[in-house]
Amino acid sequence: MTLFWVLVTIGVYMLSRKLSFKWASPFTNVVFLSTATLIVVLLLSGQTYDTYAPARDAITTLLGPATVALGLPLYRNLPILLARAKRALGAIVLGTLSTIFVAVGLGTALKLTDHVLLALSVKSVTSPIALELARQLQGDAALAASVAVACGILGAMLGPTILTRFNVTDPFTRGLALGTLSHGIGTAQAATEHPLSGATGGAAMGLSAIFTSFVLPFLLPLLF
């Protein structure tokens, strides 16, 4: 049964990828469309998420090698990244800080609980780090990881359209924005646009996660 659901997942991904190339739209984003399609398939087949869980675990084991593979475009574009490193670092710091303040500020205005606010504060770092940060800060780790994944999907869906609307066409800048604000999912989307975008997104994703891990414990007493 596990092999069956692994094959279904691969098939859904391949179909979603074809559709995303044929009809470019936020709603044909590969991650969003694949996720939505798998949910529909599970519902129509009467299967529970527990049935699908072993297939999820099998596929998740490939996440590590896939993340390491992001280092290849980074290495190939290293001279460009180093040449623009100073401005990029400044953008990553400002982007990371702004997303924390905006997310917590909106959550506070909506009178959300401290547990939810903490989950929102780590929304733009990759989910494994968001999960661990939430644990260290005595927050809800599962909620933090879920919010991070949801924000990553939304960023990958809407980010390219917003950047294009504001005439941001430089691959380096697009990758920087998507990697900083939408971590791994945004970086994967950036990589489909241009190799330089993928390389920049991978670097931005890692650096923003490191910066968030260091600065967030000091910021939280000021935010809550």
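## Internal spaces and packing in a predicted helical model

About 50 Å³ of space lies in the largest cavity. The model is predicted, so that local features need pLDDT of at least 70 and side-chain atom pairs count only at pLDDT 80 or more, while totals for chains, interfaces and linings use all residues. Residues are numbered from 1 along each chain as its sequence is written, and side-chain values use heavy atoms, with hydrogens and water left out.

### The cavity and the second largest pocket

On a 1 Å grid over the protein atoms alone, a cavity is a set of points where a 1.4 Å probe fits but cannot get out; a pocket is an open set with protein on both sides within 12 Å along at least five of seven lines, and lining residues have an atom within 4 Å of a point. Points are joined across faces, edges and corners, and a volume is the space filled by probe spheres set on them. Over the whole structure, the search finds one cavity of 30 Å³ or more.

The lining of the largest cavity includes Thr96, Thr99, Ile100, Val122, Ser124, Thr180 and Ser208. Helix 7 (85–109) and helix 12 (195–223) each supply at least two lining residues; helices here are DSSP runs (H or I, at least four residues) numbered from the N terminus. The closest residues to the centre of the second largest pocket are Gly155, Gly159, Ile162, Leu181 and Ser182, among 14 that line this pocket. Helix 10 (141–165) and helix 11 (171–193) each give two or more residues to that lining.

In the table, Ala, Val, Leu, Ile, Met, Phe, Trp, Tyr, Cys and Pro count as nonpolar, Asp, Glu, Lys and Arg as charged, and the others, Gly among them, as polar.

| Space | Volume | Largest share of lining | Lining by class |
|---|---|---|---|
| Largest cavity | about 50 Å³ | helix 7, three residues | three nonpolar, seven polar, one charged residues |
| Second largest pocket | about 270 Å³ | helix 10, seven residues | eight nonpolar, five polar, one charged residues |

### The nonpolar core

A nonpolar core is a set of buried Ala, Val, Leu, Ile, Met, Phe, Trp, Tyr and Cys residues joined through side-chain atoms within 4.5 Å. Buried means under 20% relative accessible area, with exposed over 50% and partly exposed in between (1.4 Å probe, protein chains only). The largest such core has 23 residues, and Ile100, Val122, Leu216 and Leu223 have the most contacts inside it. Helix 12 gives the most to this core, with six residues. Ile100 and Val122 also line the largest cavity. Leu223 touches Ile100, Phe101 and Val104, not counting residues up to four places away in sequence; contact means heavy atoms within 4.5 Å.

### Individual residues and helix 3

Ser124, another residue of the cavity lining, sits in the loop between helix 8 and helix 9. Its relative accessible area is 7%, and Ser124 is therefore buried. Beyond its neighbours within four places in sequence, Ser124 is in contact with Thr99, Thr180, Leu181 and His183. A polar atom of the Ser124 side chain lies 3.2 Å from the backbone oxygen of Leu181.

Thr187 belongs to helix 11. With a relative accessible area of 0%, Thr187 is buried. Apart from neighbours within four places in sequence, its contacts are Leu70, Leu178, Gly179, Gly198, Gly201, Gly202 and Met205.

In helix 3 (residues 49–60), the buried residues are Tyr52, Ala53 and Ala55. These buried residues pack against helix 1 (2–22) and helix 2 (30–45).

Conventions: A polar contact is a pair of N or O atoms within 3.5 Å; within protein, one must be able to donate a hydrogen and the other to accept it, and residues adjacent in sequence count only if both atoms are side-chain atoms.
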